[in-house]
Amino acid sequence: MDSLRLLWDSINWSLLLDMLSRVLAVLVCLTVHETCHGLAAYALGDPTAKRMQRLSFNPLHHIDWLGLACMLLVGFGWAKPVPVDMRYFKKPKEGMALTALAGPVSNFLLAVVCLVPLGWMYHNALATDFNLWLYNFLFTLVLMNLGLGLFNLLPIPPLDGSKVLFAFLPDRLYLQLMRYEHFGMLILLVLVYFDFGSDFLSNAIVAVFNFLWNLIVL
């Protein structure tokens with residue numbers, strides 16, 4: 001019994017709670033991002049995601065476990081891509097661009113939604129243990145959504161920003177680039193490994209956060 005009590009007392013509950021909060025925040029961000037891709041494609045006439053049960057806010061439908069682990073450990077990760085068949089779109093390039101934009105836009109909107117209770121708590125909430133946890137969780141959720149939204153707007157395949165940029169290219173060049181977009185993941189891994197551009201992205205997140213905070217909270 002004493003050994004169990006010692007084990008219980010040795011657990012860093014604060015660190016464990018922070019880790020669980022981060023996992024929950026990542027699941028929320030990625031789930032909303034991927035589901036909104038599917039919803040946008042469905043609205044534009046593509047039923048593929050609906051057939052594969054990806055129009056769901058259940059995180060288990062979207063989790064890539066390796067991508068989730070990378071997101072938690074190094075801040076760069078991914079979910080299962082929502083399947084999209086551009087042949088269903090009346091205007092394929094424009095449809096792909098709008099479907100791609102739906103992910104980052106959903107993250108920005110969720111960040112704005114979370115800023116409202118975060119700002120209220122900043123000015124009014126009592127400093128209880130639960131309120132401090134909730135405040136930190138909302139703060140993490142806002143930053144993660146801004147980070148995921150901004151990162152995905154980079155014009156590097158297979159990120160969403162590339163599909164928006166490619167929509168302005170001639171059809172022949174567009175199709176060629178789309179065939180080889182999976183090689184873009186290698187470029188991303190190299191950039192992350194060498195920590196290239198992380199300062200720029202961090203500064204962009206802080207700048208957008210400060211802008212929204214001053215606009216919504218203050």
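## A walk along helix α5

Val105 is found in helix α5, and this helix makes a good starting point for a tour. Keep in mind that you are looking at a predicted model.

Let us begin with the helix itself. Helix α5 has 33 residues and covers residues 92–124. From its first C-alpha to its last, α5 reaches 49 Å, close to the 48 Å expected at 1.5 Å a residue. Where does α5 have a kink? Look at Ala102: a kink of about 30° lies there, shortly before the proline Pro104.

Now back to Val105. With 39% relative accessibility, Val105 counts as partly exposed. Val105 also belongs to a nonpolar patch on the surface, together with Leu44, Leu98, Leu101, Leu109 and Leu153. Taken together, these residues have about 470 Å² of accessible area. Here is a handy idea to keep in mind while you look at a helix: an α-helix has 3.6 residues a turn, so residues three or four places apart point the same way.

Next come the charged side chains. How many salt bridges does the structure hold? There are 2 salt bridges, shown here with the distance between their closest N and O atoms.

| Acidic residue | Basic residue | Closest N and O atoms |
|---|---|---|
| Asp85 | Arg87 | 2.8 Å |
| Asp171 | Lys93 | 3.0 Å |

The Asp171 and Lys93 pair brings us back to α5. Asp171 lies in helix α8 (residues 171–179) and Lys93 lies in α5, so this salt bridge ties together parts that are 78 residues apart in sequence. Is Lys93 buried or exposed? Lys93 is buried, with a relative accessible area of 14%.

In the other pair, the two partners sit in contrasting surroundings. Asp85 counts as buried at 18% relative accessibility, whereas Arg87 is exposed, with a relative accessible area of 72%.

Finally, let us look at the cysteines. A disulfide is a covalent bond between the sulfur atoms of two cysteines. The count in this model comes to 0 disulfides. Why is Cys29 in no disulfide? The nearest cysteine sulfur, that of Cys114, is 8.0 Å away, and a disulfide needs the two sulfur atoms to be within 2.5 Å. Cys114 is likewise in no disulfide, its nearest cysteine sulfur being that of Cys29. As for their surroundings, Cys29 counts as buried at 1% relative accessibility, and Cys114 counts as buried at 6%.

Key
Residues numbered from 1 in each chain as written. Predicted model: local features only at pLDDT ≥ 70, side-chain atom pairs only at ≥ 80, totals over all residues. Heavy atoms only, no water. Salt bridge = Lys/Arg side-chain N within 4 Å of Asp/Glu carboxyl O. Buried < 20%, exposed > 50% of the residue type's maximum accessible area, 1.4 Å probe, protein only. Helix = DSSP H or I, 4+ residues; strand = E, 2+ residues; numbered from the N terminus. Patch = residues over 30% accessible without salt bridge, like charges linked within 9 Å, V, L, I, M, F, W, Y side chains within 5 Å. Areas by Shrake-Rupley, 256 points an atom, 1.4 Å probe, with all protein chains shown as cover. Expected span 1.5 Å × (residues − 1). Bend = angle between axes of the 7 residues up to and from the residue.
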